[in-house]
Amino acid sequence: MVASWIEEKSLVASQEETGGDLEHCEVLQRKFDDFEKELPADAARLERVNALGKTLATEGHSQREAIENTAQGLIQSWNSFLHLVEGRRTLLENARQVHKFNRDADEANLRIHEKGLVCRRTTSAKTYRALKRFCESTTNFSAI
């Protein structure tokens, strides 16, 4: 029962969807934040189960070996789950940064285009050609 519960939680933590844009990614991040808020209660549940297993094993229960194996398996499953949670958190944060960069770059390109239209309307042909050469020479930079 606890093992299947961890498996269900792992399905959420192993999702790879990052959204198609910044807003969608932020919605996914908020949902995952809510999911993570449940983890302390989940950890407490696992601790209770493991404590019961230790009690049964130390009292010499006839199924001691099976209980210890099950408890060890739960600990391994929980640790794997926590690793998935960390990976999902990192994936969403990285995706948010890329989506933010893309949105900011799109906005910058739009502003540049709009400013270019204004410049074309207000500058002389000679000034426009000089400005165009300058802009073309700056498009081949290697770092932002």
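## Salt bridges within helix α4

Residues D104 and K100 are both part of helix α4, where four residues, about one turn of the helix, separate them. In this predicted model, the two side chains form a salt bridge, with 2.9 Å between the closest N and O atoms. D104 is partly exposed, at a relative accessible area of 28%, and K100 is likewise classed as partly exposed, at 33%.

A further salt bridge joins R103 to E107, with an N to O distance of 3.8 Å. R103 and E107 are also four residues apart in helix α4, so about one helical turn lies between them. Relative accessibility is 31% for R103, which counts as partly exposed, and 37% for E107, which is partly exposed as well. The four residues K100, R103, D104 and E107 belong to one network of salt bridges.

## A salt bridge between helices α2 and α4

The structure holds 10 salt bridges. One of them is formed by the side chains of R89 and E36, at 2.4 Å from N to O. R89 belongs to helix α4 (residues 64-122) and E36 to helix α2 (residues 22-37), so this pair ties together parts of the chain that are 53 residues apart in sequence.

The two partners fall into separate accessibility classes. R89 is partly exposed, with a relative accessible area of 32%. E36 has a relative accessible area of 16% and is therefore buried, since the buried class covers values under 20%.

## Aromatic pairs

Four aromatic pairs are present in the structure. Among them, F35 and F81 are arranged edge-to-face, with 6.2 Å from centre to centre and 75 degrees between the ring planes. Because F35 is in helix α2 and F81 in helix α4, the pair ties together parts that are 46 residues apart in sequence. Both rings belong to buried residues: the relative accessible area is 9% for F35 and 1% for F81.

F81 also pairs with W78 in a tilted arrangement, in which the centres are 5.1 Å apart and the planes are 40 degrees apart. W78 and F81 are three residues apart in helix α4, so they are separated by about one helical turn. W78 is buried too, at a relative accessible area of 9%. Ring pairs join W5, F32, F35, W78 and F81 into a cluster.

## Arginine side chains over aromatic rings

Two members of the aromatic cluster, W5 and F32, also have an arginine over the ring. The charged end of R45 sits over the ring of W5, at 4.5 Å from the ring centre. R88 lies over the face of F32, and the distance to the ring centre is 5.9 Å.

## The surroundings of N50

N50 is located in helix α3, which spans residues 39-58. Is this residue buried or exposed? Its relative accessibility is 12%, so N50 counts as buried.

Which residues does N50 contact, leaving aside its neighbours within four places in sequence? They are A71, L74 and I75. As helix α4 covers residues 64-122, these contacts of N50 place a buried residue of helix α3 against helix α4.

Note on methods. Residues numbered from 1 in each chain as written. Predicted model: local features only at pLDDT ≥ 70, side-chain atom pairs only at ≥ 80, totals over all residues. Heavy atoms only, no water. Helix = DSSP H or I, 4+ residues; strand = E, 2+ residues; numbered from the N terminus. Buried < 20%, exposed > 50% of the residue type's maximum accessible area, 1.4 Å probe, protein only. Contact = heavy atoms within 4.5 Å. Phe/Tyr/Trp six-rings, centres within 6.5 Å; stacked < 30°, edge-to-face > 60°. Lys NZ or Arg CZ within 6 Å of the ring centre and 35° of its normal.
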